[in-house]
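Q: Hi! I've just opened this one and could use a friendly walk-through. Can we look at it together?
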Amino acid sequence: DFAEEFGFPLDLIKVTEGNPLFSKEEASDLIRMAEDEGVDKNEYQSGKYKLGGDWLTNLPNTRSWFNQKLETVFFPLLSHLFPEVVTSQSVLRAHSVSLLKYNSSHPRTDVHIDNGILAMTLAMTPKDEYVGGGTFFEHFDQVLPMDVGHGTFRPGSVRHGGHRVTSGTRYILGAFLLIEDRIEHVRRLKNRGSELRRAGDLNAAVKHFEWALALNPKCTTCLKDWAEILHSQKEFEIAESKIRTALQLLENKDSDALFTLGLLLSQQGRDKESIDAYKASVKLNAEDAELLYNLAIKLGEQGDKTEEMKMYALCTQVNPKFGGAWLNWGISLAEIDNL
């Protein structure tokens, strides 16, 4: 929604500079309070990764701090940063707010978009307390580090992800925001389509994606979800058309769409093109184990044993429990008498 107001591609990422929005001491007190409420004991599945942390609805004292900051700091700032869509701070609403904990066992998130018109990420831990981290923005192919008390504010449709933390602990607070006087018809249709897809009603799901695209032909998530449905129905050529339209809108900077394109091309026997799509996806996101595994298989089928084994090595580095990669890697080594 509101692509014309924001501009396209969505590149309106606002980053705080200078004085932090809250002090290191205040953040430390908040984390202690949240840990007293059990935030460090909880985890849940999100996409391909398990995340540490919890929703603020389950952390009442932490939520109270956040609500006070909304009124005095965050809502006034968002109103100032995004006059294109925010008429007054009084119309802003926060939902789906979480405090996430990154460490070596819960290192990162998928690259994703957020379910709101606007979104924000706030750093709650000093940079010297962890290694790695930061927010990866796929469109710019950059990782943005943030020290405690600083944040990023952006349209919810900017693709991003929590970058891998290799040691130490990093907390961030993330929030999706809605606007009372702005109805997101496209997002609602797309979300309803996704719900129908999960329920198995694919025809109804496609109808909702069609309606959303009639309102906004640049709804790339609608195109991608529709393509995945067509893929499951073995309509490979039509699915390819949908996914290529999405990639054109995104300037080929969407690792998930490129992965889907690689799958579709492989299904059509266009192996060289499939490898090119997979490689383009790896260039954007080299931490997708399934992607690396698929690329390795394709390279092996083409007789490129050296690159095949490199991909298996990367795959097992990203996910040491990926049994198929270990097995295939071992077979490839045996085939060249490297026992």
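**A walk through the sheet and a pocket**

A: Happy to. Strand β5 and strand β12 (residues 170-179) run antiparallel, with six bridges joining them. Keep in mind that this is a predicted model.

Q: Which residue in β12 is the bridge partner of Thr 121?
A: Thr 121 has Gly 174 as its bridge partner there.

Q: And how many bridges does β5 make with β9?
A: β5 (residues 118-123) and β9 (residues 151-155) pair over five bridges, in the antiparallel sense. Leu 118 stands opposite Pro 155 in β9, and Met 120 has Phe 153 as its bridge partner in that strand.

Q: Where do β5 and its partners sit in the sheet order?
A: The order is β1-β9-β5-β12-β4-β3-β2, an open sheet of seven strands with antiparallel pairing. The edge strands are β1 (14-15) and β2, each of which pairs on one side only.

Q: Are the residues of β5 buried or exposed?
A: Buried: β5 is mostly covered, with six of its six residues in that state. Leu 118, Met 120 and Leu 122 point one way from the strand, while Ala 119, Thr 121 and Ala 123 point the other way.

Q: Changing topic: where is Arg 159 found?
A: Arg 159 is in the loop between β9 and β10 (160-162).

Q: Why does Arg 159 count as buried?
A: Because its relative accessible area is 11%, and buried means under 20%.

Q: What does its side chain make polar contacts with?
A: One polar contact of 3.3 Å joins the side chains of Arg 159 and Asp 254. Another, also of 3.3 Å, joins the side chains of Arg 159 and Asp 256.

Q: Which other residues does Arg 159 touch?
A: Leaving out residues up to four places away in sequence, the residues Arg 159 touches include Val 111, His 112, Ile 113, Phe 136, Phe 137, Glu 138, Lys 224 and Ser 255.

Q: Now pockets. How much space lies in the second largest pocket?
A: About 520 Å³. The pocket is lined by 20 residues, and the closest to its centre are Tyr 49, Arg 164, Val 318, Asn 319 and Pro 320.

Q: Which helices and strands supply at least two residues of that lining?
A: β2 (43-46), β3 (49-55), α10 (289-301) and α11 (305-318) each do. α11 gives the most, with three residues.

Q: What classes of residue are in the lining?
A: The lining of the second largest pocket has eight charged, seven nonpolar and five polar residues.

Note on methods:
Residues numbered from 1 in each chain as written. Predicted model: local features only at pLDDT ≥ 70, side-chain atom pairs only at ≥ 80, totals over all residues. Heavy atoms only, no water. 1 Å grid on protein atoms, 1.4 Å probe; cavity = no way out; pocket = protein on both sides within 12 Å on 5 of 7 lines; lining within 4 Å. Points joined across faces, edges and corners; volume = space filled by probe spheres on them. Helix = DSSP H or I, 4+ residues; strand = E, 2+ residues; numbered from the N terminus. Nonpolar A, V, L, I, M, F, W, Y, C, P; charged D, E, K, R; others polar. Pairing = 2+ DSSP bridges. Buried < 20%, exposed > 50% of the residue type's maximum accessible area, 1.4 Å probe, protein only. Polar contact = N/O pair within 3.5 Å; in protein donor to acceptor, adjacent residues only side chain to side chain. Contact = heavy atoms within 4.5 Å.
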